[in-house]
Amino acid sequence: MAAPQDVHVRICNQEIVKFDLEVKALIQDIRDCSGPLSALTELNTKVKEKFQQLRYRIQELEQSAKEQDKESEKQLLLQEVENHKKQMLSNQTSWRKANLTCKIAIDNLEKAELLQGGELLRQRKTTKESLAQTSSAITESLMGISRMMSQQVQQSEEAMQTLVNSSRTILDANEEFKSMSGTIQLGRKLITKYNRRELTDKLLIFLALALFLATVLYIVKKRLFPFL
């Protein structure tokens, strides 16, 4: 039976993977962005939010690692945390490079528009529509992945709740067993005491009967054989 803590660790890992995929997709959107600057700013805002969520989950996983009882499991989880941190730093580097590439592309496009006029503007519009379609397809794919991982997270939470309820039931049963064990021990002591009392009573009855018979024999002897 898995412990609730193990379920929490698995949930953290699943969400870290989900946010990492979403960050990578947004960085790719920035690389493909051809302007305007407002679109780039909006994408960067989304990336910042995802990085914040990713950083929070990594911190949760690190805290769970520190709370592990076994040193081997603790070190293993800390290594996973380190790998996630390195991956996040790599994503941040890619993010900066993507922004630089996008800004250069936007500047070049703006310069080309000034030189070439309306024809380039129409071409840019076509390119933007194509990029928008590609971005939409990527977004749909990511949303599908996100929904799937959300379902997994929900299932994991339900499993953790079931484990907690099962643990509570086992503890209650254990308490009842302890109570029944005490009652059984008390009954055993009473039965033992009763058996001893019964033996004592039998012995007293035997002695009284023997005394009675001896008395009767004495009286008969005095009446029938007074000369003895």
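A search of the whole structure, which is a predicted model, turns up 1 aromatic pair. Phe51 and Trp95 are the partners, and their rings sit 5.5 Å apart from centre to centre with 40 degrees between the planes, so the pair is called tilted. Rings of Phe, Tyr and Trp (its six-membered ring) pair if their centres lie within 6.5 Å; planes under 30 degrees apart are stacked, over 60 edge-to-face, and the rest tilted. The pair links distant parts of the chain, 44 residues apart: Phe51 belongs to helix α2 (residues 37-66) and Trp95 to helix α3 (residues 71-116). Helices here are DSSP runs of H or I with at least four residues, numbered from the N terminus.

Are these two rings buried or exposed? Phe51 counts as buried because its relative accessibility is 3%, and Trp95 is buried too, at 16%. Buried means under 20% relative accessible area, exposed over 50%, and partly exposed in between (1.4 Å probe, protein chains only).

Now follow the chain to helix α4 (residues 118-224), where Val216 lies. Val216 counts as partly exposed because its relative accessibility is 34%. Val216 also helps to make a nonpolar surface patch of about 640 Å², together with Leu209, Phe212, Leu213, Val220, Leu224 and Phe225. Such a patch joins nonpolar side chains (Val, Leu, Ile, Met, Phe, Trp, Tyr) within 5 Å, from residues with over 30% relative accessible area and no salt bridge, that is, no Lys or Arg side-chain nitrogen within 4 Å of a carboxyl oxygen of Asp or Glu.

Residues are numbered from 1 along each chain as its sequence is written. Local features need pLDDT of at least 70 and side-chain atom pairs 80 or more, while totals for chains, interfaces and linings use all residues, and side-chain values use heavy atoms, without hydrogens and water.

How values were computed
Patches are made of residues with over 30% relative accessible area and no salt bridge: like charges are joined within 9 Å, nonpolar side chains (Val, Leu, Ile, Met, Phe, Trp, Tyr) within 5 Å. Accessible areas come from the Shrake-Rupley method with a 1.4 Å probe; for residues, only the protein chains shown count as cover. Helices (H or I, at least four residues) and strands (E, at least two) are DSSP runs, numbered from the N terminus.
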